[in-house]
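Good morning, and thank you for coming. I would like to go through the side-chain contacts in one protein model, taking the charged pairs and then turning to rings and cysteines.

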Amino acid sequence: MKALSQQRRHPLAVLVLMVLALLLSGGLYAVATTTNEAKAQTESYTAQDIEEGEKLFVANCSTCHGLEGAGTPSGPSLVGVGAAAVDFQVGTGRMPMQANGPQAMDKAVQFNDEQVRQFAAYVATLGPGPAVPEEQYLDVAQGNAANGAKVFLANCAMCHNAAGAGGALTRGKYAPSVMNVEEKHIYEAMQTGPQNMPVFNDANITPEEKLDVITYLKTLEDNPNPGGFGLGALGPVSEGLFVWTIGLAVIIGFTVWLTSRSA
């Protein structure tokens, strides 16, 4: 103790104390946040929802994700993915997967809304994660499309295209179109980062900004194509290909017409 007291005036003593205080406060905050998040996720579901969800999970998902959702060589762990990830993947038909491939494709939904809710309820009990968004963050009447455009162009357009039409990625993967997608599923995709998409948590993009992005995308859906054909809204590549193909065909046709007249 005497040796310790002699070091209390050391130049680095204050720095060490600050580091210890930060570690302690950060650890306590992480524990408290995790506990509150887990409680908030599950308290919106009934015990029957969770029980029915477990039955559905065992019958339809355990082959790939394991009986307790811890994952297998065929599928990742679902511990901590949250209800939002399940609601998105199952609610858009991506899960269960139809076949193995570079990524899960959206298709006809295999379960009704109640069953999707039950799936989400059970997986939410496996570990804390993003919850299904509240209605206040899905009301586009309250969103700002102009700000949503800024956020979307800065964070999403490089993959999904400025018009939200999607685009190709590497190794057979792709960024899907975000047109005509439910508001809830757009929000959940930003929350959970499905497939190759990064996770945009509330520290990256706030819930209000997520609502603005959704508002922007819904505004795009309502906008007509003032220039005529949309050509998939894929930008200069498709436009250049269209001009090159049609232009070349016109030139060849005109040349054939001229040579036939001279003959």
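I begin with a small cluster of charges: Glu 51, Glu 52 and Lys 55 are joined in a network of salt bridges. Please bear in mind throughout that the model is predicted. Within this network, Lys 55 pairs with Glu 51, and their closest N and O atoms are 3.9 Å apart. That value falls inside the limit, because a salt bridge is counted when the nitrogen is within 4 Å of the carboxyl oxygen. Both residues belong to helix α3, which covers residues 47-60, and they are four residues apart, about one turn of the helix. As for their surroundings, Lys 55 is partly exposed at 48% relative accessible area, and Glu 51 is also partly exposed, at 44%.

How many salt bridges does a search of the whole structure find? The search gives six. As a general matter, side chains of opposite charge can pair when their charged atoms come close.

A second of these bridges joins Lys 184 to Asp 87, with 3.4 Å between the closest N and O atoms. This pair connects distant parts of the chain: Lys 184 is in helix α9, residues 183-192, while Asp 87 is in helix α5, residues 82-91, and 97 residues separate them. Lys 184 is partly exposed, with a relative accessible area of 26%, whereas Asp 87 is buried, at 7%.

The next lysine takes part in two contacts. Lys 210 meets Asp 202 in a salt bridge, at 3.2 Å from N to O. Lys 210 also lies over the face of Tyr 187, 5.7 Å from the ring centre. Is Lys 210 buried or exposed? Lys 210 is buried, with a relative accessible area of 0%. Its acidic partner, Asp 202, is partly exposed at 41%.

I turn now to the aromatic rings. The count comes to five aromatic pairs. One of them is formed by Phe 57 and Tyr 122, with 5.3 Å from centre to centre and 50 degrees between the planes, and this pair is tilted. Here too distant parts of the chain are linked, since Phe 57 lies in helix α3 and Tyr 122 in helix α6, residues 113-124, with the two positions 65 residues apart. Both rings are buried: Phe 57 has a relative accessible area of 1%, and Tyr 122 has 7%.

On the surface, a nonpolar patch of about 370 Å² is made by Phe 242, Val 243, Ile 246 and Val 250. Phe 242 is part of helix α11, residues 236-262, and is partly exposed at 39% relative accessibility.

Finally, the cysteines. The search of the whole structure finds zero disulfides. Why is Cys 61 not bonded to Cys 64? The sulfur of Cys 61 is 8.5 Å from that of Cys 64, its closest cysteine sulfur, and this is too far for a bond. Cys 61 is buried, at 15% relative accessibility. Cys 156 is likewise in no disulfide, and the nearest cysteine sulfur, in Cys 159, is 8.7 Å away. Cys 156 is buried as well, with 7% relative accessibility.

Thank you for your attention.

Definitions and conventions
Residues numbered from 1 in each chain as written. Predicted model: local features only at pLDDT ≥ 70, side-chain atom pairs only at ≥ 80, totals over all residues. Heavy atoms only, no water. Salt bridge = Lys/Arg side-chain N within 4 Å of Asp/Glu carboxyl O. Buried < 20%, exposed > 50% of the residue type's maximum accessible area, 1.4 Å probe, protein only. Patch = residues over 30% accessible without salt bridge, like charges linked within 9 Å, V, L, I, M, F, W, Y side chains within 5 Å. Areas by Shrake-Rupley, 256 points an atom, 1.4 Å probe, with all protein chains shown as cover. Phe/Tyr/Trp six-rings, centres within 6.5 Å; stacked < 30°, edge-to-face > 60°. Lys NZ or Arg CZ within 6 Å of the ring centre and 35° of its normal. Disulfide = S-S within 2.5 Å.
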